[in-house]
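Work through the exercises below with the model open. Try each task before you read its solution.

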Amino acid sequence: MEVFLQQLINGVTLGSIYGLIAIGYTMVFGIIGMVNFAHGDVFMVSAFIALIAFLILTSWLGLTSIALALLIVLIVAMIFTAVVNWMIERLAYRPLRGSFRLAPLISAIGMSIFLMNFVQVSQGPRNKSIPPMVQGDFVLLDRNDFAVTLSLKQLVIWGVTAVLLIAFWYLVAKTRLGRAQRACEQDRKMAALVGVDVDRTISITFVIAAALAAVAGTMYLMYYGVVSFADGFVPGVKAFTAAVLGGIGSLPGAVIGGILIGLIETMWSAYFSIDYKDVAAFSVLAITLIFLPQGLFGRPDVEKV
Amino acid sequence: MAPEPLTATQDRGIDIIGALRNAVLTGLLAFVLFLPLIGFQTVTNMRGDLVLNTRWGLLFSIVAVIVGARFAYAVMLAPWLTRRKNRPLTLAPSPWRDFAGKWIVPFAIGFAIVYPFVVVGTVGFGGAVKWIDNFGIQILIYVMLGWGLNIVVGLAGLLDLGYVAFYAVGAYSYALLAKEFGLSFWILLPLAGILSSFWGILLGFPVLRLRGDYLAIVTLAFGEIIRLVLINWVDLTNGYAGISGIPRPTFFGIPFNANDDGFAAVFGLEFTPVYRTIFLYYLILALAFLTAFVTIRLRRLPVGRAWEALREDEIACRSLGINTTNTKLTAFATGAMFAGFAGSFFAARQGFISPDSFTFLESASIVAIVVLGGMGSQIGVAVAALVMVGGTELMRDLDFLKAIFGPTFDPTQYRMLLFGFAMVLIMVWRPRGLISTREPTVFLKERKTISADLVGQGHG
């Protein structure tokens, strides 16, 4: 019971990070029907940007307030990652719009390889670790020599994720921009006919996706305290699994899918085998796509001739 | 970076002010883009703490190069491209193109056959191993894998991002069976192919209902699962450490070593390791030709036609009574079989295999070769393999760059960086691949080469 509770806490934390990345996949897939393969690497790049911003703030500027530093790091990472993803969309995906289906996917795979190796070459191949940013634990339950703890950094992740999700939900559900986005999602041609700037809307989608990935990247860095150039691929695939599990195109689905994947992964590690935890995530992906391709909250894909 | 109105540029000649403004904007953007990752470098200092170094010089030179390139593009390249776009299209057949089209394939095959002798004749026995092994064999392995995957992706239109899994099955089948049971390469080569195609069917079954991107992602997941199993099932595969001491193939029972019963002694030659390399070269060349030949023949069989019909339109295919299940499975199995052959060859050539050789990057490279070459085009795939693999191998030898960038400059670490960049670039430049025309196998009265742009791509 204690182990279960602890893994529940850990799983939801991990799941929040996956959920934030998954929103990027699901939004981009919803609007241009493409699996943005490089999104996991954008997440990794954002973690590096956060790392550098954090080092500048603490070691150069001597900022002592961790809360303030974290806030600035978050904003800086969001801005810079947004620029990176905007540029990627502009250079690698926009010229391929209207081309055959697999072209953007291949371009995205190339982009993913490029980003990974760019970070490896520019920052070096070794793991980058920083001293823990946020310390402090709350003991929730202490029984049978097993203390269930909720750390402060987990609370921070929950809080930041919740606040940003609400802000993001407001953006998509209530603003003009969100309406344009949903219009493009339903019918791009028709949206263009009624005066929605489709290219701009798609660009903004990538910017939002990157900003949320940057939040995930910053949280990842704060939670684990270590990041390397290869850290984009596996979280990327898991977040994609989350998006598929929740129903691709569905925003609440992505978050719930993320939390489910986080829970599956941590529970699997605790009760079965930690070596095979990635196998579990990949199997969930395969099983979902095969048996439940529309996901939990997605619309079934109607085949039209 | 709004596109300049075309008429204005044509009337006023070159718009220098606009070009300058564009270049400055691009420079600003590049500065923001590269500021965090190029401007700063995270390094671990003596005490083990992470500290920052700045690289302003590098950052500003990169930005300067980008500004210069953007300006040059706007001033010189863009007007030329506009003129080119506006010139009337000529459809007159060019005699040079006809000549090249007719002779390029026989010439390439002939060159591939005499290549080892050319190398030995030019650099002698001493340096030949490197050229035959790094360039010849390495490229041919990818040509073969590309042709094998071409059956799945190019002909049947099923995007498979886990192709390397079958390559791994072939390699591990050969390595384990040869080491445990001492079976010879020539028995295990077909066996590895059979085992791989068995896995192709096994993994193909569940994904039959999926199409397009979803299929790609599931095959990716399967590829990763197989790799993770190879890593974690230490009893069987020895995990990360891999399997070493894999027996080398023999020349009809004659081993390539310096002993009295070795190849050199039997044929009365002086022993050098080059003979084995040349033998391996011809082996992979034969296997690659086999793949190409089988593909060409299969395209003319009903099953091959069914594959291509499936690629173009699955629903129409089903309406015409083609059994799509069997069609997809045969494509998966045939493609996987060739990957199995290539895998067992790879294990025999290296003598050592580990899960590191079968990462997703490998799958992505093979898919890149097929798509960049032009899906379904055998020549295109071969050219793409030559350019992508040969190009990245060539990076190893660019020692003169050390003279420019300093002695610590290591060109090999830029290989994959450029590989990814080239993938994006070629995709943007020619989304249909280098050779995008399609030769129909069935035709009415007259055979015509058609541009792939005119062919509707099904959901595939």
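**Exercise 1. The contact between the chains**

Task: Find how many residues chain B and chain A each bring to the contact, and which elements of chain B supply them.

Solution.
- Step 1. Count both sides: chain B gives 49 residues and chain A gives 51. Two residues are in contact if their C-beta atoms, placed from the backbone, lie within 7 Å.
- Step 2. Assign the chain B side to elements. At least two residues each come from α2 (16–39), β1 (40–44), β2 (50–54), α7, α14 (360–373) and α17 (415–429) of chain B. Helices (H or I, at least four residues) and strands (E, at least two) are DSSP runs, numbered from the N terminus.
- Step 3. Pick out the main contributor: α7(B) supplies the largest share, 13 residues.
- Step 4. Sort the chain B side by type: 39 nonpolar, 7 polar and 3 charged. Here Ala, Val, Leu, Ile, Met, Phe, Trp, Tyr, Cys and Pro count as nonpolar, Asp, Glu, Lys and Arg as charged, and the others, Gly among them, as polar.

The model is predicted: local features need pLDDT of at least 70, side-chain atom pairs count only at pLDDT 80 or more, and totals for chains, interfaces and linings use all residues. Residues are numbered from 1 along each chain as its sequence is written, while chains are lettered from A and ligands numbered from 1 in the order in which they are written.

**Exercise 2. Two helices of chain B**

Task: Check the spans of α7(B) and α17(B), then say what covers the buried residues of α17(B).

Solution.
- Step 1. Take α7(B), residues 212–232. Its 21 residues reach 31 Å from first C-alpha to last, close to the 30 Å expected at 1.5 Å a residue. The expected span is 1.5 Å times one less than the number of residues.
- Step 2. Test its burial. Of the 21 residues, 17 are buried, so α7(B) is largely enclosed by the rest of the structure. A residue is buried if 20 or more other C-beta atoms lie within 10 Å of its own, exposed if 12 or fewer, and partly exposed in between; C-beta atoms are placed from the backbone.
- Step 3. Repeat for α17(B). Its 15 residues should span 21 Å, and the end C-alpha atoms are 20 Å apart, which agrees.
- Step 4. List buried residues of α17(B); among them are Met416(B), Phe419(B), Gly420(B) and Met427(B).
- Step 5. Look for the cover. It includes α3 (66–93) and α4 (102–123) of chain A, together with α14 and α15 (378–394) of chain B.

**Exercise 3. The largest nonpolar core**

Task: Locate the largest nonpolar core relative to the domains of chain B.

Solution.
- Step 1. Set the bounds: chain B is divided into domain 1 (6–80) and domain 2 (111–454), as given by an automatic or database domain assignment. Their C-alpha centres lie 38 Å apart.
- Step 2. Size the core: it has 227 residues. A nonpolar core is a set of buried Ala, Val, Leu, Ile, Met, Phe, Trp, Tyr and Cys residues joined through C-beta atoms within 7 Å.
- Step 3. Find its main source: helix α4 (residues 95–155) of chain B gives the largest share, 18 residues.
- Step 4. Place it: both domains of chain B give residues to this core, so it lies between them.
- Step 5. Zoom in. Ile284(B), one of the residues with the most contacts inside the core, touches Ile137(B), Leu140(B), Ile141(B), Met144(B) and Phe345(B), not counting residues up to four places away in sequence.

**Exercise 4. Ile17(A)**

Task: Is Ile17(A) buried or exposed, and which residues does Ile17(A) touch?

Solution.
- Step 1. Place Ile17(A) in helix α1 (residues 2–32) of chain A.
- Step 2. Count neighbours: 26 other C-beta atoms lie within 10 Å, so Ile17(A) is buried.
- Step 3. List partners beyond four places in sequence: Ala216(A), Met219(A) and Tyr220(A).
- Step 4. Compare distances: Ile17(A) and Ala216(A) are 199 residues apart in sequence and 5.0 Å apart in space, C-alpha to C-alpha.

**Exercise 5. A hairpin in chain A**

Task: Describe how β2(A) pairs with β3(A).

Solution.
- Step 1. Count bridges: 6 join β2(A) (residues 137–143) to β3(A) (residues 146–151), and the strands run antiparallel. Two strands pair if DSSP finds at least two bridges between them.
- Step 2. Match a pair: Phe138(A) stands opposite Leu150(A).
- Step 3. Inspect the turn: 2 residues separate the strands, and Asn144(A) there has a positive phi of about 50 degrees.
- Step 4. Check the cover: 0 of the 7 residues of β2(A) are buried.
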